[in-house]
Amino acid sequence: MPDHALALDMSDSAAELERWAGVAISTAVMAYGLSRRSVPGVVLAAAAAPLAYRSLTGEWPGLGNGLAHADTRVALSRSRGIHVRETVRLERPRAEVYAFWRRLENLPQFMEHLQSVTELGGGRSQWVATGPADAPVTWDAEIVNEIEGEVIAWKSIAGSDIATAGSVRFSPARQGRSTQVSVHLQYAAPGGRVGRLLALVFGRDPAHMVREDLRRLKQLLEAGEIPRATRGADA
Amino acid sequence: MKAVCYYGKEDIRVETVPDPAILNPRDAIIRVTATAICGSDLHIYGGYIPTMEKGDVLGHEFMGEVVEVGRENTKLKLGDRVVVPFTIACGHCYFCKEQLWSLCDNSNPNAWMAEQVYGYSGSGLFGYSHMYGGYPGGQAEYARVPFADVGPLRVPDSLTDEQVLFLSDIFPTGYMAAENCQITPGDTVAVWGCGPVGQFAIQSAFLLGAERVIAIDRFPERLSLAASFSKAEVLDYESVDVPDALREMTGGQGPDACIDAVGLESHGTTLDAWYDRAKTSLYLATDRPHALRQAIGACRKGGTVSIPGVYGGWLDKFPLGAAFAKGLTLKMGQTHMHRYMPRLLQHIERGDIDPSFIITHRVTLDDAPEMYRTFREKEDACVKVVMRPAAA
């Protein structure tokens, strides 16, 4: 269960335990609900989403401020929230992979839909993606959890066009010779203006998109370049 | 530049296409001095390879002179004379580090396509479909070589193009097929298919210590090449019952190892071969594994069946029960080119083998459409076609 690290609260082991349990329970309920492939199953999964959200971010969705639908936590807490989990293993030391990712300006090098990420300081950053008709879509995000060398978790800031949250975990593999990078991305599904934008930004198959992004990360860090080919006849 | 392009099943054209350019820092551009048609190109010609597109430049056996290098490529210099391996490898992923070069993780830009069919993708290949990267091939005047600081092998001027060209695929492929047989002194190896890979497998089996090699085919010129140049005992499967003959020649024990150098378009005269033909023609099966079935049936208990022949899909009536009952080892896969090229160049330099013995046709790029047909039909005693773009 790679996500447990998202909930790690270094200063409070009781809270840590609670979050572990929260992640485990909510994930199990959501997995069971979704596996039913039925309306009650989806409702069950949706019902568990707020607990998952609290466990991942440490806050209950929709509480804490007055913002309504523009709030990331609200947008992601309903059945509209989509989860993508992808993982890749690469032959580079964990510290190097973490450092590359933590410098958020690097992300557009392998995340195809991103134009730029600018760090604003204080854990905040501005993200620009390619939207409809190549028009840029912009949102701000903040890092909500970070453990040096192990985990980075972020969410979009309330009021952004895009409601998204995610985490990336770096774990050692093969006796430390390799690093396993596990990404958990969450965002609101199609519906409304936000949904339309998201569908265009993230593509129709978000799992495929994230998998290809991670493949490019691996290619970039292992081989130093991302392989390309052009056809002879129309190069 | 001029290039040999795929336009559909049995439709090969020589077209003028844009010259290749450096796209990535580790690239090189090669001016092709010699290139060959491979038996596996005939699978493309026959329409068996999915994800080919009109206009794709063919060819994965080529060599030439380095005319341009990317900024990160510090290994190659302009003017270097190199042979290019047909598999593209990054040199830094888990598989490259483990010497499993043809399984490189980072060289196929379309890995997701292969993953949908096979679960995981092998390395990118030159001129061999978009599922394997969509890289333009080497049957052209120029070719772009990705990760060129890892793949291309410099060759000495004392050797001719014809002596070293087959380091690009078929010599290492035949060699790996023989190495996979785990030959010990005194062993007998049977080889199905006396095409170029089969010929190199025979010679490599002897290089690796086999006492006897028995070669199986039906074309007189290929059988005589196997007998005269490669020193194999030969069987014409149209005139003898191969399993019976192999049993008799090995004192009832069977060959210690069997090599299927035929692949997915196997021809045969037995009932199962006609059954395969009927099913593939109705699109009810993808491959025709007649030679492989026979190899598994003939191999001695505890022996090895080595498969350099190409397979692409789902095999019908595959005798896994026989393989299990006899405790066989099956070894297969695309050749780990980079592992073998330097040592095989040494064999050529020492005169242990002169790979040019298989060449039957020397032509220009313009002759490619006709030569694909000639090679496929095995007309004019065609065994191996070499094209010289510079002479065109």
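Start by selecting the two domains of chain B: their C-alpha centres lie 26 Å apart. Colour residues 2–169 plus 335–391 as domain 1 and residues 173–332 as domain 2; these bounds come from an automatic or database domain assignment. Next, pick out where the domains touch, counting two residues as in contact if their C-beta atoms, placed from the backbone, lie within 7 Å. Domain 1 of chain B brings 20 residues to this contact, and domain 2 of chain B brings 18 residues. On the domain 1 side, α1 (39–45) and α12 (337–350) of chain B are the elements that give two or more residues. Helices here are DSSP runs of H or I with at least four residues, strands are runs of E with at least two, and both are numbered from the N terminus. That side of domain 1 divides into 9 nonpolar, 7 polar and 4 charged residues. For these classes, Ala, Val, Leu, Ile, Met, Phe, Trp, Tyr, Cys and Pro count as nonpolar, Asp, Glu, Lys and Arg as charged, and the others, Gly among them, as polar.

A word on what you have open: this is a predicted model, in which local features need pLDDT of at least 70 and side-chain atom pairs count only at pLDDT 80 or more, while totals for chains, interfaces and linings use all residues. Residues are numbered from 1 along each chain as its sequence is written, and chains are lettered from A and ligands numbered from 1 in the order in which they are written.

**Stop 1: helix α12 of chain B**

Stay with α12(B) and turn on its side chains. This helix has 14 residues and reaches 20 Å from its first C-alpha to its last, close to the 20 Å expected at 1.5 Å a residue (the expected span is 1.5 Å times one less than the number of residues). Which residues of α12(B) are buried? They are B:M337, B:H338, B:Y340, B:M341, B:L344, B:L345 and B:I348. Buried means that 20 or more other C-beta atoms lie within 10 Å of the residue's own; exposed means 12 or fewer, partly exposed is in between, and the C-beta atoms are placed from the backbone. An α-helix has 3.6 residues a turn, so residues three or four places apart point the same way. Add β7 (87–88), β10 (153–154), α4 (161–164) and α5 (170–179) of chain B to see what the buried residues of α12(B) pack against. Just after the helix comes B:G351, with a positive phi near 85°.

**Stop 2: the core**

Zoom out to the largest nonpolar core, which has 123 residues. A nonpolar core is a set of buried Ala, Val, Leu, Ile, Met, Phe, Trp, Tyr and Cys residues joined through C-beta atoms within 7 Å. Select B:I30, B:V189, B:V191, B:A201, B:A215 and B:I259, the residues with the most contacts inside this core. Strand β3 (residues 28–37) of chain B gives the most to the core, with 7 residues. Both domain 1 and domain 2 of chain B give residues to this core, so it lies between them. Centre the view on B:I30: beyond its neighbours within four places in sequence, its contacts include B:G64, B:V66, B:V82, B:Y142 and B:V145.

**Stop 3: all of chain B**

Now show the whole of chain B as a cartoon, with its 13 helices and 18 strands. Its C-alpha atoms fill a box of roughly 60 × 50 × 45 Å along the principal axes. Of its 392 residues, 54% are buried.

**Stop 4: where chain B meets chain A**

Bring chain A back into view. The contact takes 33 residues from chain B and 18 residues from chain A. On the chain B side, β1 (2–8), β4 (56–57), α2 (94–97) and α3 (111–118) each supply at least two residues. That side has 18 nonpolar, 9 polar and 6 charged residues.

**Stop 5: individual residues**

Select A:R174, in the loop between β6 (164–173) and β7 (178–188) of chain A. Its phi is positive, near 50°, in a residue other than glycine. Is A:R174 buried or exposed? With 11 C-beta neighbours inside 10 Å, A:R174 counts as exposed.

Then jump to B:T51, in the loop between α1 and β4 of chain B. B:T51 also has a positive phi, near 65°, and is partly exposed, with 15 other C-beta atoms within 10 Å.

Finish at A:R94 in helix α4 (residues 94–102) of chain A. A:R94 touches A:G149, A:F170, A:P172 and A:T179, not counting residues up to four places away in sequence.
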